[in-house]
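Here are a few exercises to work through with the model open in your viewer. Try each task before you read its solution.

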Amino acid sequence: MKRRKTRQVRAGKVAIGGSAPVSVQSMLCAPARDVAANVEQARRLEQAGCEIVRVAVPDMDTVRLIPVLKEAVSMPVVADIHFDWRLALESAAAGVDKIRINPGNIGGDERVKAVAEACAARGIPIRIGVNGGSLEKPFLEKYGRATPQALVDSALYHAALLERYDFHDIVLSLKASDVPTMVEAYRLAAAACEYPLHLGVTEAGTERMGLVKSAVGLGALLMEGIGDTVRVSLTADPVREVRAAKDILTACGLRNEGAQLISCPTCGRTRIDIIGLAAKVEPLLASVKTPMKVAVMGCAVNGPGEARDADVGIAGGDGIGLLFKKGVVLRRVPESELLDALMAEVRAMDEQNRKD
Ligand code: SF4
């Protein structure tokens, strides 16, 4: 897949854009003043594979979270600021790695200049986050509603305010909860500028629908080579956002790390509880570091062949199943031992790979 050429920026140790891999980010949702809860959540996110973490900074008191988080986790910390330019200056001084703020909403040129200079002096990029639900009046009046072009015009308007002060370390997001609107907005933005794009479907919903909308919206864009960093927004524990984002990147072929489960939908040929078996295998694969495909197939007749692509797998039979590698049967295993036999093989491959 040919990725869109973008200008690279750096949020601390993570590069966004250019040839950098698409990074996964999430946002803390513990109460802003509860330092311990935010630290605990940030650590869980990092452990789950989050690469950039954003925290809401609604007032001066919460700026103190920034150095605490920087100490607690090694991933870059982003301050999410609405309207108050002084919070941006304080966050920059507190060592934040990136700031999300819309310069058109902070009250005039002098303030934009101060924020641009503070960020430039410390190498901090700014994300301009345009959102369909909070689009500024002039764009709503011009387009009648939050159309894709209205979102792009708004994002470029904010960017131009920073460009005036020769600030170009910009990331853009153009989120909408309507997937076709969001996809088209990002396509238009990708054609209109070279800034890296932070992809997201906003107010996507609870876990099931949020994941579907994000997979469709982010997936469509990522498959076209558009997108430099992603956030899946879910009304759920943010650790689930990280898992979902990583799964979307894997499904798009943009990540190849850890084990991927392949399992068949089962059919009338299935004689064992494949649904239960697959549900048990999936969490056990979470600790595997080596990229591999692991298959759990319903029948011995078609399973090994249909999962020829898998590095290792099992296929159910009538009381007895098959353990196979790359489509070649290794041995027959009693049904009660299938799970253990598969996982022993997976762990051995993982260990061998780590030694190599
Ligand atoms: Fe059916 Fe066997 Fe294919 Fe699974 S692998 S869908 S059980 S034919």
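**Warm-up: the two annotated domains**

Over residues 260-347 the chain is 28% helix and 31% strand, and the end C-alpha atoms sit 14 Å apart. Helices (H or I, at least four residues) and strands (E, at least two) are DSSP runs, numbered from the N terminus. Keep in mind that this is a predicted model: local features need pLDDT of at least 70, side-chain atom pairs count only at pLDDT 80 or more, and totals for chains, interfaces and linings use all residues. Residues are numbered from 1 along each chain as its sequence is written.

**Exercise 1.** Find the UniProt domain annotation that covers residues 260-347, then do the same for residues 6-245.

*Solution.* Start with residues 260-347: UniProt's unreviewed entry labels them "domain: IspG C-terminal". UniProt positions are given in the numbering used here, feature names are shortened, and annotations may be inferred rather than shown by experiment. Next, residues 6-245 are listed by UniProt (unreviewed entry) as "domain: IspG TIM-barrel". That span is 45% helix and 17% strand, with its end C-alpha atoms 21 Å apart.

**Exercise 2.** Work out how H7 packs against H8.

*Solution.* Two packed helices are described by the angle between their axes and the distance between the axes. Axes are lines fitted to C-alpha atoms, for helices over the stretch in contact, and angles run from 0 to 180 degrees between N-to-C directions.

- Step one: the axes of H7 (residues 179-192) and H8 (residues 207-223) come within 10 Å and cross at roughly 20°.
- Step two: H7 and H8 are therefore roughly parallel to each other. Angles under 35 degrees count as roughly parallel, over 145 as roughly antiparallel, 65 to 115 as roughly perpendicular and the rest as oblique.
- Step three: the H7 and H8 crossing is right-handed. A crossing is left-handed if the near helix is turned anticlockwise from the far one by less than a right angle, and right-handed if clockwise.
- Step four: H7 brings Val-179, Met-182, Val-183 and Tyr-186 to the contact, and H8 brings Lys-213, Val-216, Gly-217, Ala-220 and Leu-221. Residues are in contact if their C-beta atoms, placed from the backbone, lie within 7 Å.

**Exercise 3.** Now do H6 against H7.

*Solution.* The axes of H6 (residues 148-163) and H7 come within 8 Å and cross at roughly 45°. H6 and H7 are therefore oblique to each other, and the crossing is right-handed. On the H6 side you'll find Pro-148, Gln-149, Leu-151, Val-152, Ala-155 and Leu-156, meeting Thr-181, Glu-184, Ala-185, Leu-188, Ala-189 and Ala-192 in H7.

**Exercise 4.** Which residues does UniProt list for "binding site", and what surrounds the ligand?

*Solution.* First, the unreviewed UniProt entry lists Cys-264, Cys-267, Cys-299 and Glu-306. They span 43 residues in sequence, yet no two of their C-alpha atoms are more than 13.5 Å apart, so they gather at one spot. Cys-267 is in the loop between strand E11 (259-263) and helix H10 (274-284). Then look around the ligand, counting residues whose C-beta atom, placed from the backbone, lies within 6 Å of it: the shell is Cys-264, Pro-265, Thr-266, Cys-267, Arg-269, Thr-270, Met-297, Gly-298, Cys-299, Asn-302, Gly-303 and Glu-306.

Terms used: Contact = placed C-beta atoms within 7 Å.
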